[in-house]
Amino acid sequence: MKKSSLATHLAGSFGITALLVLGMIYPFLPGRYDGLAVVLSTMIQGFGVFGLLLVPGGAIWLVHELRERRRSSPSAGTAYRYGIASVIVGSVVAVLVSLVAFMSSGVVLGLCSLVLWLYALARLLPRLNGLKTVLPSVVNPVPIYLAVIPVMLVSLQVLLASPVTTLSRNRTIAGSAEILEAIERHRTERKRYPSSLLAAWKDYDPPVVGVERFHYLPQGDAYTLFFEQPRFLFDNIGTREFVAYNRLDEHLMPSHASWILSWPPEQLAENQGWYAVHDTPSAHWKYFWFD
C-alpha cells in the first residue's frame, strides 16, 4: 500500500471514530434534552466493545493483504474469504448491538437497528462476490477500518468516561440554580415549600442533553431536588446514578416506590437501596449509585 493511501485510510478511520465519539458523548454535552441521545450513545458504546471481535480478523486480513502485495503473482479470492469471515463476525456484533438497543429503548429500536444491518448486508454481499476472481492490485483498506476503529472507540470510552461524566454532572448542578431560587422564593413568600412541582410543562430545563428534568420531593422542613445522570455503558456496568440536593443534608433516595408506601420512615432512612454515595464539589449535593 502506498504511504499516501495508508495515510488516507488511517485519516478516514480517525474521522469515523471522531463522529462515533461525538455520538457517544452527545448525552453529556450542553443543550436541550434529546430523548434519543442516551440510546444512541449506548448503542455506539456497545458497538465499540462488541466490535473488538472484528479486530483480530481485521489485523490478520491486513497482514495477509500486505504479504500478497509483495508476491509477484498474488492469488485471487483471498479478500473474499476474509470478507465473508468479517461479515459473519459483523453480524454477531450487529445482533449484540440490537440487543443493547432493545434493552435501552424497547422492541422498535432493536428491530430497526437489526433491519438496518440486514439492508447493509444485502448491499454488501454482491460486492463481496465480485472479489472471488479479482486479483488484488492494491491492498484492500477494509481491514484497516476493522482493526483500528473499535480499538480507538473503546480506548476513548475508557479515557473519557470519568471526566465527561463529571463535567456533565457539575454543569447540571450549576444549571439548577434557577429552580432552587424559585423554590426558596416560594417559601419566603408563602411560608412553606411547594407540595409538588408536577406539571405538564417542566419550565426549568436542565442544561445537558441527556438529563430530562429535575424532580422535586418535599421532605419535612426541606426538600430533595434530584436528576438522573447519564453514564457510560461499561463504567461500573449496570450502574444508575441519581444526583440529589437537600439543604439539610437529609437526602432520601430510595430504590423502590413500594418501599416508600410500605416501610416506616426510620427503616427507609436506614435502607434506601443504593450501594454507594459520593459528595460533589457543590454544597448539599450528593450522587447515589444503584445497581
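The largest pocket in this predicted model holds about 1,200 Å³ of space. Its lining is made up of 33 residues, and those closest to the pocket centre are Phe47, Leu54, Trp117, Ala120 and Leu146. Several helices share the work: α1 (3-25), α2 (37-50), α3 (54-70), α4 (78-105), α5 (107-129) and α6 (142-174) are the elements that give two or more residues to the lining of this pocket. If you would like one helix to start from, try α5, which gives the most to the lining of the largest pocket, with 10 residues.

What is the chemical character of that lining? By residue class, the lining of the largest pocket divides into 25 nonpolar, six polar and two charged residues.

**How the pocket helices pack**

Two of the helix pairs are worth a look while you have the pocket in view. Both involve α2, once with α6 and once with α4. The table sets the pairs side by side.

| Helix pair | Axis separation | Angle | Handedness of crossing |
|---|---|---|---|
| α2 and α6 | within 8 Å | roughly 120° | left-handed |
| α2 and α4 | 9 Å | about 150° | right-handed |

How do these angles translate into words? With a crossing of roughly 120°, α2 is oblique to α6. The α2 and α4 pair packs at about 150°, and angles over 145 degrees count as roughly antiparallel, so α2 and α4 are roughly antiparallel to each other.

**Two residues with positive phi**

Next, turn to the backbone, where two residues other than glycine have a positive phi. Asp203 is one of them, with a phi of about 70°. You will find Asp203 in the loop between α7 (177-190) and β1 (215-219). Is Asp203 buried or exposed? Its relative accessibility is 62%, and the cut-off for exposed is over 50%, so Asp203 counts as exposed.

The other is His284, whose phi is near 70°, again a positive value in a residue that is not glycine. His284 sits in the loop between β4 (276-279) and β5 (285-290). At 30% relative accessibility, His284 counts as partly exposed.

**Some distances along and across the chain**

A few residue pairs help to connect sequence with space. Start with Ile84, found in helix α4. Ile84 is partly exposed, at 26% relative accessible area. Between the C-alpha atoms of Ile84 and Leu217 there are 56 Å, and the two residues are 133 residues apart along the chain.

Helix α4 also holds Ser104. With a relative accessible area of 36%, Ser104 is partly exposed. From Ser104 to Lys202 is a step of 98 residues along the chain, and their C-alpha atoms are separated by 24 Å.

Finally, move to helix α9 (residues 265-270), where Leu268 is found. Is Leu268 buried or exposed? Its relative accessibility is 6%, and buried means under 20%, so Leu268 counts as buried. Leu268 and Leu252 lie 16 residues apart in sequence, with 8.3 Å from C-alpha to C-alpha.

Technical notes. Residues are numbered from 1 along each chain as its sequence is written. This is a predicted model: local features need pLDDT of at least 70, side-chain atom pairs count only at pLDDT 80 or more; totals for chains, interfaces and linings use all residues. Side-chain values use heavy atoms; hydrogens and water are left out. On a 1 Å grid over the protein atoms alone, a cavity is a set of points where a 1.4 Å probe fits but cannot get out, and a pocket is an open set with protein on both sides within 12 Å along at least five of seven lines; lining residues have an atom within 4 Å of a point. Grid points are joined across faces, edges and corners, and a volume is the space filled by probe spheres set on the points. Helices (H or I, at least four residues) and strands (E, at least two) are DSSP runs, numbered from the N terminus. Ala, Val, Leu, Ile, Met, Phe, Trp, Tyr, Cys and Pro count as nonpolar, Asp, Glu, Lys and Arg as charged, and the others, Gly among them, as polar. Buried means under 20% relative accessible area, exposed over 50%, partly exposed in between (1.4 Å probe, protein chains only). Axes are lines fitted to C-alpha atoms, for helices over the stretch in contact, and angles run from 0 to 180 degrees between N-to-C directions. Angles under 35 degrees count as roughly parallel, over 145 as roughly antiparallel, 65 to 115 as roughly perpendicular and the rest as oblique. A crossing is left-handed if the near helix is turned anticlockwise from the far one by less than a right angle, and right-handed if clockwise.
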